[in-house]
Every structure is written in structure tokens, then in C-alpha cells.
Amino acid sequence: MSSLLTQEVPISWYLLLSAVLFSLGVAGFLIKRNLITVFMSIELMLNAVNLSFVTFAHQWHAVKGQIFVFFVMVVAAAEAAVGLAIIIAVFRARATLAVDRIDLMKL
Amino acid sequence: MHLILFVVFAGLCLAGAINLLLQSHPINSALSLIVVMTSLAVLYLLLGAEFLAAAQVIVYAGAIMVLFIFVVMLLNAGREERTLGSRTARSVGFPAVVAILAVIATVILKAHGLGVATLGEGLTNAQDNTNIEEVSRVLFRELLLPFEVTSVLILIAILGAVALASHSDGPQGNGERTGGE
């Protein structure tokens, strides 16, 4: 039990978790048919990449990795505000959130 | 301790992400996304990023997800229906995603000298500095200009959100007023 308490975690585990989360985000982006859920999958991908940044900042003792995550958070907040406003505008124009019916720009 | 905490919260994280995919109602997906983000905050703490852990909880799990849930409730989003497009996306998307994951995992597992993450290890070797001191020193000295530029970005985002969501002279401007983002 004491060996379990002092056990360290390999860096690659964190990176693998980040990769799996990113893949789940991509899968959600492709599979989900609701505009809001598709947008949530994008947030999931951003979070997965943030975990990679923090992990590498820890490994190389680099402060700038963490600051980059901070900037990613700022951009994600701005993106969420604008994206959700676009979703509201789309819903007002087409009265649906299903991505299959929002096909005005489809050839 | 580190291993136990990592396994518990990585598992929570993965469970939340998978639940996000499986749920068909957007509000359930949003709540599982909050689980993912809060577990990620704990993982940030394990990696010695205290400031980012706090920011993750406040900005992501707080502000952004409140915005999402607010929009889900405002638009009264119901459960999604399975269509032909979703079946195509499922049959083509899953193999593609697995292929991407396989490539990334191969690269990570083949990399040498990644080392281990040590609990309580600071960013620099000077142990008397806290994480917030380190971050703020670089943020407000070396990266002051990018930091100030983000304020312009936020301002533009606010203006854009208000302009997009406001009931102006749209084609059907007869509904009730729903307010900004």
C-alpha cells in the first residue's frame, strides 16, 4: 500500500488521457446532431489540448505552457459567447437546432 | 497518492466524456461536460498548476457552462433525433477517430525520456515562489502585450455576441425579446 501511495504517474499517461479526450471530442463533433452538443464537443477538444499544455509545462518546467492555457481559456470564452449568439440567431431564423436541417450553405 | 488521484479523476474525466457522447439530451451532455472540466481541474492541481485549476473551475465550469445551459434552456432544446446523416457520420467517423487516436497514441508511447510527473514539483527550481507568482511574473512582464490584446478580443466578442443575438431588423422580428447571450 505504501508503494501505491508513493507511486509516480508517467507523463505519457497524462498525454494519453489528453489524446483520448480529444478523440472523444472529435467523435462527438461528428456524431452529435444537435448544434449545441456539437459546440460542447469543441469545448471538450479545447480542454483536452489544455491538458497536454499543462503536462508539458510540468515536464519542462516552463511557465509559458501554463500561460498559453490561460490564453486558450480566454479565446474559448470569447468563442463560446459568439458561438452561442450565432446559435440563437440560427434558431431564430430556422426554428431548429438539428444540424441536418441547417443546410443553407450546402451545395 | 498521485497515482490514486490520477486514476480516479482520469476515470471520471473519461466517463464524463463518454457520457457526453451517449446522452441524447443536451442538458445531460452539458452536465457531463461539467464533470469533465472539474476533473481536469484536479489533474491540473496534480501537475502543479494551481492558478489554472482555479481558472478552469471559474471560467470553464462556471462561466462557459452556465452560458451553455442558459442557451439550452432559452431555446428549449429537446432530444436529438437520429437521421441518415448521423448514421453516415457514425459509420465513417468512428474508424477515422480510432485511426487518429491510434496515430497519436503510437507517437506518445514511442517517445523516450518523457519521465514521470512528480507531485508537488514547482515550475522552477526556486521553491519559495508559488505558481501564481511564477505565472504572473511572466504574464505581466514578458507577455504584457498579448495579455492586453486579449482584452480587445473580449470586447469584440461581447460586441459581436450582442449584435448577433439582438432582435434587430431580421426577417421575422416579431417574437418576444430574448435578450443577449
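This dialogue goes through the chain contact, the core and two backbone angles of a predicted model.

Trainee: How many residues does each chain bring to the contact?

Mentor: The size of an interface is often given as the accessible area lost when the parts come together. Here the count is by residue: 64 from chain A and 76 from chain B. On the side of chain A that touches chain B, the elements giving two or more residues are α1 (2-5), β1 (9-10), α2 (11-31), α3 (35-60) and α4 (63-94). The largest share of that side, 23 residues, comes from α4(A). By class, the side has 45 nonpolar, 12 polar and 7 charged residues.

Trainee: In which sense do β1(A) and β1 of chain B pair?

Mentor: They pair in the antiparallel sense over 2 bridges, with β1 of chain B covering residues 116-117. A:V9 has B:A117 in β1(B) as its bridge partner.

Trainee: Which residues have the most contacts inside the largest nonpolar core?

Mentor: In soluble globular proteins, nonpolar side chains tend to be buried together. The largest nonpolar core in this model has 73 residues, and those with the most contacts inside it are A:L21, A:I36, A:L44, A:V54, B:Y44 and B:L52. At least two residues each come from α2, α3 and α4 of chain A, and from α1 (2-22), α2 (26-46), α3 (50-74), α5 (131-141) and α6 (144-165) of chain B. With 13 residues, α4(A) gives the most to this core.

Trainee: Where does this core lie relative to domain 1 and domain 2 of chain B?

Mentor: Domain 1 (2-122) and domain 2 (130-166) of chain B both give residues to this core, so it lies between them. The C-alpha centres of these two domains are 24 Å apart.

Trainee: Leaving aside neighbours within four places in sequence, what is A:I36 in contact with?

Mentor: On that basis, A:I36 contacts A:I87 and A:L97, and also B:P26, B:F68, B:V71, B:V72 and B:A77.

Trainee: Which residue in the loop between α3 and α4 of chain A has a positive phi although it is not a glycine?

Mentor: Most residues other than glycine have a negative phi. A:H61 has a positive phi of about 55 degrees, and it lies in that loop. A:H61 is partly exposed, with 14 other C-beta atoms within 10 Å.

Trainee: Is A:A95 buried or exposed?

Mentor: A:A95 is exposed, with 10 other C-beta atoms within 10 Å; the cut-off for exposed is 12 or fewer. This residue is in the segment after α4 of chain A. A:A95 is not a glycine, yet has a positive phi of about 55 degrees.

How values were computed. Residues numbered from 1 in each chain as written. Chains lettered and ligands numbered in written order. Predicted model: local features only at pLDDT ≥ 70, side-chain atom pairs only at ≥ 80, totals over all residues. Contact = placed C-beta atoms within 7 Å. Helix = DSSP H or I, 4+ residues; strand = E, 2+ residues; numbered from the N terminus. Nonpolar A, V, L, I, M, F, W, Y, C, P; charged D, E, K, R; others polar. Pairing = 2+ DSSP bridges. Domains from an automatic or database assignment. Core = buried A, V, L, I, M, F, W, Y, C linked by C-beta atoms within 7 Å. Buried ≥ 20, exposed ≤ 12 C-beta atoms within 10 Å, placed from the backbone.
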